[in-house]
Each structure stands twice: as C-alpha cells, then as structure tokens.
Amino acid sequence: MAATLRSRVFHGEYASDIQEPVIGGVLAGGVALRQVLLFTDRERAARQAEREQARKDARDAFQRDTILALQDAVADLLRMVVDLHGEAVNAEEKMGHWPAPSRFGELRASFDEQFVCVQALRARLFDDALRRLVAEVATSALGALHAGERQRAARLTAGLGETNQQLQERVHTLLKELF
C-alpha cells in the first residue's frame with residue numbers, strides 16, 4: 001500500500017494536492033521577502049534623508065554663527081575707522097595738516113587685528129555676494145585709514161557707509177533664509 005501511494009504521488013495523481021500548498025508557500029515567502037526589502041529600502045532612504053537634514057542644519061548653523069560674528073566684527077572695524085577719522089580731523093585742526101596714519105599707533109594695531117578678524121570670517125562665508133561686500137568694506141576701511149587728505153578720507157568713509165548698508169541688507173536676506 002505504501003509503495004502504491006508513493007507510486008501515485010510520484011506519477012502525479014496527487015501532485016496537485018501537494019503543489020498547491022507548496023506554490024502558496026513560495027508565493028507567500030516571496031511576498032514577505034519583498035515587503036522586508038521594501039521596508040529596508042524605505043528605512044535606508046529615511047536614514048539618508050536624516051543624515052542630509054542633519055548636514056544641512058549643521059551647515060546653516062555654521063553660516064548663521066559666521067554671519068553674526070562677521071556683523072559684529074565689521075561694526076567694530078567701522079567704529080575704529082570713524083574714531084580714526086575723528087581723531088584725524090581734530091589733529092588737522094590743531095596742526096594745520098592731515099596727520100599721517102602712523103600717528104595712531106595703538107589704535108592702528110587693534111585696527112589690524114580687527115581687519116584680520118573680518119578677513120578670517122569672510123573666508124568662512126558661502127555666499128559670494130556677501131563675500132564681495134565684505135571685501136569692499138575691508139578695502140574701503142583700509143583706504144580710509146591710509147587717506148592722505150581730509151576730502152579723500154571723507155569720501156572713503158561715506159562710501160564705506162553705503163557699502164556697509166548693502167552688506168547689512170545682504171546679511172538680513174541670508175539670515176531670513178537660515179532661520
């Protein structure tokens with residue numbers, strides 16, 4: 001009897017009874033495997049998106065910190081230029097001629113430090129328009145410091161104010177994007 005049953009199974013009489021559950025199991029296993037793969041792909045994509053967002057957040061924080069520090073450094077630099085200009089005007093009234101820049105020894109050293117600070121912060125900026133404006137401010141500030149006459153110093157100082165206004169507008173736009 002066992003040989004007969006084996007023979008019938010082997011020759012296909014009961015093959016459909018055996019194949020249906022096997023095919024169903026294979027299909028169910030395939031579907032389950034596909035679901036696991038889809039879940040894994042979604043999970044991988046979600047982790048990648050989180051990494052990209054974390055990188056963007058870090059980049060934005062870096063730029064915000066740099067821009068805010070730059071804003072302070074530029075304000076200090078401009079304050080020094082205005083102070084130097086005022087001292088030069090007072091010195092001209094006393095001496096009758098525009099003083100040489102070397103006369104402002106101690107303030108000059110702090111000006112150089114502030115100038116270097118502005119340049120270092122400029123190097124950390126990603127925005128080319130802001131980098132250009134910072135370079136203009138720094139160049140004008142240096143020019144105002146080395147002006148050989150009152151009218152030229154006044155022109156450079158006035159131009160410095162206009163460029164600073166453009167710089168502050170660009171800072172405002174960037175900070176709105178970064179917050």
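## Confidence of the model

Helix α1 (residues 2-10) has the lowest mean pLDDT among the elements of the chain, at 53, whereas helix α4 (residues 128-145) has the highest, at 93. The structure is a predicted model. Over the chain, pLDDT averages 82, and 75% of the residues score at least 70. Where pLDDT is low, the predicted coordinates should not be read in detail.

## Helix α5

Helix α5 comprises 29 residues, from 150 to 178. At 1.5 Å a residue, a span of 42 Å is expected, and the C-alpha atoms at the ends of the helix lie 41 Å apart, which agrees.

The buried residues of α5 include A153, T157, L160, T163 and N164. L167, V171, L174, L175 and L178 are also buried in this helix.

## Surroundings of A144

A144 is located in helix α4. With a relative accessible area of 11%, A144 is buried, because this value falls under the 20% cut-off.

Leaving aside residues up to four places away in sequence, A144 touches V81, A153, L156 and T157. Two of these contacts, A153 and T157, are themselves buried in α5. A144 and V82 are 62 residues apart in sequence, yet their C-alpha atoms are 9.2 Å apart in space.

## Aromatic pairs

A pair of aromatic rings is described by the distance of the centres and the angle of the planes. Two aromatic pairs are found in a search of the whole structure. One of them joins F62 and F126, with 5.8 Å from centre to centre and 35° between the planes; this pair is tilted. It links distant parts of the chain, since F62 belongs to helix α2 (residues 15-95) and F126 to the loop between α3 (105-123) and α4, 64 residues apart. F62 is partly exposed at 31% relative accessible area, and F126 is likewise partly exposed at 41%.

Another pair is formed by F111 and F115, whose ring centres are 6.3 Å apart. Their planes meet at 25°, so the pair counts as stacked, the cut-off being under 30 degrees. F111 and F115 are four residues apart in helix α3 and are therefore separated by about one helical turn. Both rings belong to buried residues: F111 has a relative accessibility of 0%, and F115 has a relative accessible area of 18%.

## A charge over a ring

R64 lies over the face of F179, at 4.8 Å from the ring centre.

Note on methods:
Residues numbered from 1 in each chain as written. Predicted model: local features only at pLDDT ≥ 70, side-chain atom pairs only at ≥ 80, totals over all residues. Heavy atoms only, no water. Helix = DSSP H or I, 4+ residues; strand = E, 2+ residues; numbered from the N terminus. Expected span 1.5 Å × (residues − 1). Buried < 20%, exposed > 50% of the residue type's maximum accessible area, 1.4 Å probe, protein only. pLDDT = per-residue confidence, 0-100. Phe/Tyr/Trp six-rings, centres within 6.5 Å; stacked < 30°, edge-to-face > 60°. Lys NZ or Arg CZ within 6 Å of the ring centre and 35° of its normal. Contact = heavy atoms within 4.5 Å.
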